[in-house]
Amino acid sequence: MINDFKAGLKICQAVLVRVQKIGNSSNGGVFARGLLEDNSGRVPFICFEAGLVDKLRDLEGPTAFMVAGSVDINKFASDMSLQVIVQKIDNLLPQDDIRHLLPRGDFNEEEYKRKLSNYIKAVRTPGLRALLENIFSGATYEHFVVNPAGMRLHHAYIGGLLQHSVDVAGIALALAEQIGDMDKDLVIAGALLHDIGKLKEISSNIGFPYTNEGRLLGHISMSVLMVQEVAAKLKIPAVRVEQLQHIILSHHGENEKGSPVACATKEAFIVHYADEIDSIMNQFNTHEGKNPWEFNKMLQRFLLHERL
Ligand SMILES: [Fe+2]
Ligand SMILES: [Fe+2]
């Protein structure tokens, strides 16, 4: 991690490369300089290798690479701060670990994994329990606990989908308990699965880009298809699956907000409002500037981030 860099250290790690200047040095060669970044911090870099400078010249913005070089004291900086002399820049491979480059949420992942497992265990309806156990297992589970729930708008950090889904289940259950006469198993299943298609809609790579499939189908359709596939495999009665799929299809509340059907059951309303309030509340955790009032793109209004 960049925070641990010391003068004399040889490094080879995945970092975000931010180019600030490319130019000609006094001896006729070329150079590129800028910043290397990861979640722990940033450090200036300089690079004199013509081939690498050409590679950096084509970048459109900060880009992740595997960078090798040596950490040195920057003799031109008055505070004797560090810089990296870059000697090698390779494209990342799919197996490279880039978790230290991705934004992290301020929540306890282990606690949320435990909560997820407890919610699943609380479901007594046989078909729903089997469906949840089947979906939240193996590679899908591993993917679910790291994927973000948004590219930018809400829960846009590693594990965001886990946190959001578990919190929606918690809020929805509290509402269900207060209101009463509700199929709580259906509420839990709907809450945990409402955004499951985001696993395929939003990639957990740098920048959390939308996938082609995600842009073409959207997470609501993909969530319904994932449930359909597993339910067919487990031979769950259609009537139960349809109730659950209705919650997923209507979770944005209205047709104008992207739901093909509007909420028609008590459980669907509960999950919809729990989803909405959880994504709104998450906007208050992403405040960065000094001004207590910040314009929020998702809600299209100024939000007040401090008590006056
Ligand atoms: Fe959604
Ligand atoms: Fe959601």
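In the predicted model, Ala189 touches Val123, Leu128, Leu131, Leu132 and Leu244, leaving aside residues up to four places away in sequence. Apart from the core around Ala189 lies another core, of 17 residues. Its members include Ile2, Val67, Val86 and Ile89.

The largest nonpolar core has 44 residues. Leu132, Ala172, Ala189, Ala191 and Val271 touch the most other members. Seven helices are named as giving two or more residues to this core. They are H2 (109–122), H3 (126–135), H5 (160–179), H6 (184–193), H8 (212–234), H9 (238–249) and H10 (266–282). H5 gives the most, with 8 residues. In soluble globular proteins, nonpolar side chains tend to be buried together.

Two of these contributors, H3 and H8, pack against each other at an angle of about 115°. Their axes are 10 Å apart. The crossing is right-handed. On the H3 side, the contact involves Ala130, Leu131, Asn134 and Ile135. These residues meet Met226, Val230, Ala231 and Leu234 in H8. Leu131 also appears among the residues touched by Ala189.

At the level of the whole protein, the model contains 10 helices and 7 strands. The domain assignment gives domain 1 (2–90) and domain 2 (102–285). The C-alpha centres of the two domains lie 41 Å apart. The C-alpha trace spans about 80 × 50 × 35 Å along its principal axes. Of the 308 residues, 33% count as buried. Among contacts between residues at least 6 apart in sequence, 57% join residues at least 24 apart.

Five strands form a closed barrel. The order is E1-E2-E3-E5-E4, and the pairing is mixed. Neighbouring strands of this sheet are turned by 50° against each other on average, direction ignored.

Within the barrel, strand E1 (residues 10–24) pairs with strand E2 (residues 30–38) in the antiparallel sense. The pairing runs over 8 bridges. Arg18 has Leu35 in E2 as its bridge partner. The hairpin of E1 and E2 has 5 residues between the strands. Gly28 in this hairpin takes a positive phi near 95°.

E2 continues the barrel order to E3. These two strands run antiparallel and are joined by 7 bridges. Glu37 has Arg42 in E3 as its bridge partner. Here the hairpin has 2 residues between the strands.

Strand E3 (residues 41–47) also pairs with strand E5 (residues 82–90). This pair runs parallel, with 2 bridges. Ile46 stands opposite Ile85 in E5. In a regular strand the side chains alternate between the two faces of the sheet.

A further hairpin is formed by E6 and E7. Strand E6 (residues 293–296) and strand E7 (residues 301–304) pair in the antiparallel sense over 4 bridges. Glu294 has Leu303 in E7 as its bridge partner. The hairpin has 4 residues between its strands. In the turn, Gln300 has a positive phi of about 55°.

Notes. Residues are numbered from 1 along each chain as its sequence is written. Chains are lettered from A and ligands numbered from 1 in the order in which they are written. This is a predicted model: local features need pLDDT of at least 70, side-chain atom pairs count only at pLDDT 80 or more; totals for chains, interfaces and linings use all residues. Domain bounds come from an automatic or database domain assignment. A residue is buried if 20 or more other C-beta atoms lie within 10 Å of its own, exposed if 12 or fewer, and partly exposed in between; C-beta atoms are placed from the backbone. Two residues are in contact if their C-beta atoms, placed from the backbone, lie within 7 Å. A nonpolar core is a set of buried Ala, Val, Leu, Ile, Met, Phe, Trp, Tyr and Cys residues joined through C-beta atoms within 7 Å. Two strands pair if DSSP finds at least two bridges between them. Axes are lines fitted to C-alpha atoms, for helices over the stretch in contact, and angles run from 0 to 180 degrees between N-to-C directions. A crossing is left-handed if the near helix is turned anticlockwise from the far one by less than a right angle, and right-handed if clockwise.
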